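Work through the following exercises with the sequence and the 3D structure at hand. Try each task before you read the solution beneath it.

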Amino acid sequence: MAGRDTHPSLLALTSSALLLPAYQQANADAPPEFTTLGMSYSRYQEDDTQAGRTLGGDSIERYEIDVAQFYLLTPVSDDWSVALDVQWEDMSGASPWFVGLDAEGDSQVFMSGASIEDTRTTVSVNTRYYFDRGNAGFTYTRSDEDDYESDAVAFDGSYNSADGLTTWSAAVSASFDDIEPTQGATPTNTLEDSKDVYGGYLGVSRIISKRAILRFGLSYTYRNGFLTDPYKLQDSRPGTRKEWAVSSGYRHFFAGPNAALHVDYRYFDDDWGIASHTVDLAWWQNLGRKTQLVPFLRYYTQDEADFFSNTPDFSDRYFADDYRLSAFGGITTGLRVRHTVGNWTLNATGERYTTSEDFGIYSGDESPALVKYWRYSIGFDYSFR
Amino acid sequence: MLEHSFTAMAGPCRLRLYGEDELLPTAAAQAEAEVRRLEAKYSRYQEDSLTTRINGAAGSDQPVAIDDETAGLLQYAETAWRESDGLFDLTSGILRQAWDFKSGALPEPGAVEALLPKVGWGKLRWDRESVTLTEPGMELDFGGCVKEYACDSAAAQLRQAGVEAALVDLAGDMAMFGTPPGTSAWEIGIRHPRHHEQAIAHIALSGGALASSGDYARCITIDGKTYGHILNPVTGWPVEGLVAVSVSAGQCLVAGSTATIAMLKPADQALAWLEALGLPWLAVDAGLNCHGSIGERR
């Protein structure tokens, strides 16, 4: 209704009406009315390394991760809620140890062997306070695995404008991590070390029409400490990393097909020389009132770090052959299904990620270790109405 | 599906709900309670209502404390007053004391003039915390917008309660969301201003609201001219304008005050204004001719 061509009288009446409480319930911040319990299982499986690009010739099985998650959100009073999130991950397989050249001068990846077997338990507790025009939350997260421990805290808040059309949000977080690499198959870059991560976020979203929302955000992250990968042979990284990211998103609901288009874009830049672009497209198709089908597509591309090389020069101060610091592009395609039956909501997702130096917009040495993977997940939520 | 009828705000109220069967009765009860809450809060006739307290303090220079909802309604009423060049005025209800539409008789000489000093939005002082009627005997009447607001608020309650589709009909003012299963819109008949059991037009709405103002039976004929039952707050006299107006808008509150403002304007100006607003509308003039963008189908 309140578009550019709207008659000024109608615009004045409508915007004045929308200030009344009856029209703000939809945006009002209130704790959840019911306790919701959720469980999910997901499996992440990397493709085997390519036979022709692995030192020794044979393809080697890479990482597999099984994740089980438990989630509980419950109101504790008219303006408070608490949430508990527990996640167990079981990781196994081989990861790239180093990249070397074969007799022809082509870069080849040497895998660590199927020596890695680790489990991670992450427990996150959140409490949230709701007030008339917004909410504020505090989250504590503890993550524990054989060679890594992390404690993280985060504060976040959001505040709605008087007309309910604009929401400002902000968050700050800090994480304190200890690294104690498992000694065994391969030598490690440290015996024991630590790092801290501090982050901040500012965002604004605005309902720009009855059917569209626009979002914009800025974030900054500062990492300090041992940032080198402890298990990689040719890896020495700076002790600090400063990261900036700008993100934006647009949601548009189409009444005809009863579907919503989500478009998101993120630009990332850091002082290691890595810049990246991420574009997400998703089509949220409603099928009747109980089923949603969401095909999605993500494109990612990044530039390489200043100190990345497939053939590191050890006389440099910093060097790394980690494929995650190389220039590449990645495409994820997937499908999510959501179905509600009474108090149950069932979710299933399947996605495929493929990557190549050719997909990227930045040029650089292609890492032979670039990863491709499948990820599946299945889960349910139950609301105690 | 659940149909729920009750009487509130001096008229028949009807809810039609679709969704999970087990939650509909509770949702209907919540929506009815919301309508009754607003009736009890804003009725002129209930001794313990906020309106009665505000009117009781008229001329005493004692501000009456108000909550956010009331401040919101006053803010809205002020916007409607400004946008209608003073025609939409919640302080004008008192003028009805001079007019007896049933008898068709003119007021006693001087009766209208005696009431006019107690009428005028400018004689009301308000802020977010309180309201003051500055003239003794002055009256604030939320009747011009609270039924429409109740429609929207009841619909919002139903939506929050998890109802999938609902029509709230408070004596002809309606708000709706979702659509009945297997349909793409609510089919609504607009009542004929003279033959109440007949529809003068139909409109299909997939959401939003429809409000109507006007009633041919309550018109008054003076010297061969037909006047509506709505009184001009500036002259104290009935308006020689349209006899019925229906408007559809996103909110019943906006639809209702738009229809009322159209009734208060001279007929030709009202038609031009409705046209300019661009909302779906239907107007019936004194000769029972239909105008507007809502198709005439019998």
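**Exercise 1.** Which residues does B:Leu242 touch, not counting residues up to four places away in sequence?

*Solution.* Before starting, note that this is a predicted model, in which local features need pLDDT of at least 70 and side-chain atom pairs count only at pLDDT 80 or more, while totals for chains, interfaces and linings use all residues. Residues are numbered from 1 along each chain as its sequence is written, and chains are lettered from A and ligands numbered from 1 in the order in which they are written.

Step 1: apply the rule for a contact, which is that the C-beta atoms of two residues, placed from the backbone, lie within 7 Å. Step 2: set aside the residues up to four places away in sequence, and the partners of B:Leu242 are B:Gly214, B:Ala262, B:Met263, B:Ala267, B:Ala270, B:Ala283, B:Val284 and B:Asp285.

Step 3: place B:Leu242 in its wider setting, the largest nonpolar core, which has 98 residues. A nonpolar core is a set of buried Ala, Val, Leu, Ile, Met, Phe, Trp, Tyr and Cys residues joined through C-beta atoms within 7 Å, and a residue is buried if 20 or more other C-beta atoms lie within 10 Å of its own, exposed if 12 or fewer, and partly exposed in between, with C-beta atoms placed from the backbone. B:Leu242 is one of the members that touch the most other members, together with B:Cys151, B:Ala166, B:Val168 and B:Ala283. Helix 6 of chain B gives the most to this core, with nine residues; helices (H or I, at least four residues) and strands (E, at least two) are DSSP runs, numbered from the N terminus. Apart from this core lies another, of 13 residues, among them A:Ala94, A:Trp97, A:Ala369 and A:Leu370.

**Exercise 2.** Describe the make-up of each chain, and then the contact between the chains.

*Solution.* Step 1: count the elements, which gives one helix and 20 strands in chain A, and seven helices and 15 strands in chain B. Step 2: turn to burial, where buried residues make up 18% of the 385 residues in chain A, and 45% of the 298 residues of chain B.

Step 3: look at where the chains meet, in a contact that takes 25 residues from chain B and 16 residues from chain A. On the chain B side, helix 3 (68-83), helix 5 (146-160), helix 6 (252-264) and helix 7 (267-277) each supply at least two residues, and helix 3 of chain B gives the most, with nine residues.

**Exercise 3.** Is helix 5 of chain B mostly covered or mostly uncovered?

*Solution.* Step 1: compare length and span, since helix 5 of chain B has 15 residues and reaches 20 Å from its first C-alpha to its last, close to the 21 Å expected at 1.5 Å a residue; the expected span is 1.5 Å times one less than the number of residues. Step 2: count the buried residues, which are 13 of the 15, and conclude that helix 5 of chain B is mostly covered. Step 3: continue past the end of the helix, where B:Gly162 takes a positive phi of about 95°.

**Exercise 4.** Follow the pairing of strand 13 of chain A, and examine the turn that comes after this strand.

*Solution.* Step 1: recall that two strands pair if DSSP finds at least two bridges between them. Strand 11 (residues 212-225) and strand 13 (residues 240-254) of chain A pair in the antiparallel sense over 13 bridges, and A:Leu214 stands opposite A:Tyr250 in strand 13. Step 2: strand 13 of chain A is also joined by twelve bridges to strand 14 (residues 259-270), and these two run antiparallel, with A:Ser247 opposite A:Arg266 in strand 14.

Step 3: strand 13 and strand 14 of chain A form a hairpin with four residues between them. In its turn, A:Asn258 has a positive phi of about 55° although it is not a glycine. Most residues other than glycine have a negative phi. Step 4: A:Asn258 counts as partly exposed because 13 other C-beta atoms lie within 10 Å.

**Exercise 5.** Which strands stand at the edges of the open sheet with the order 3-5-4 in chain B?

*Solution.* Step 1: the sheet has three strands with antiparallel pairing. Step 2: strand 3 (64-65) and strand 4 (124-126) of chain B each have a single partner strand, so they stand at the edges and one side of each is left without a neighbour in the sheet. Step 3: two bridges join strand 3 of chain B to strand 5 (residues 130-133), where the bridge partner of B:Val64 is B:Val131.
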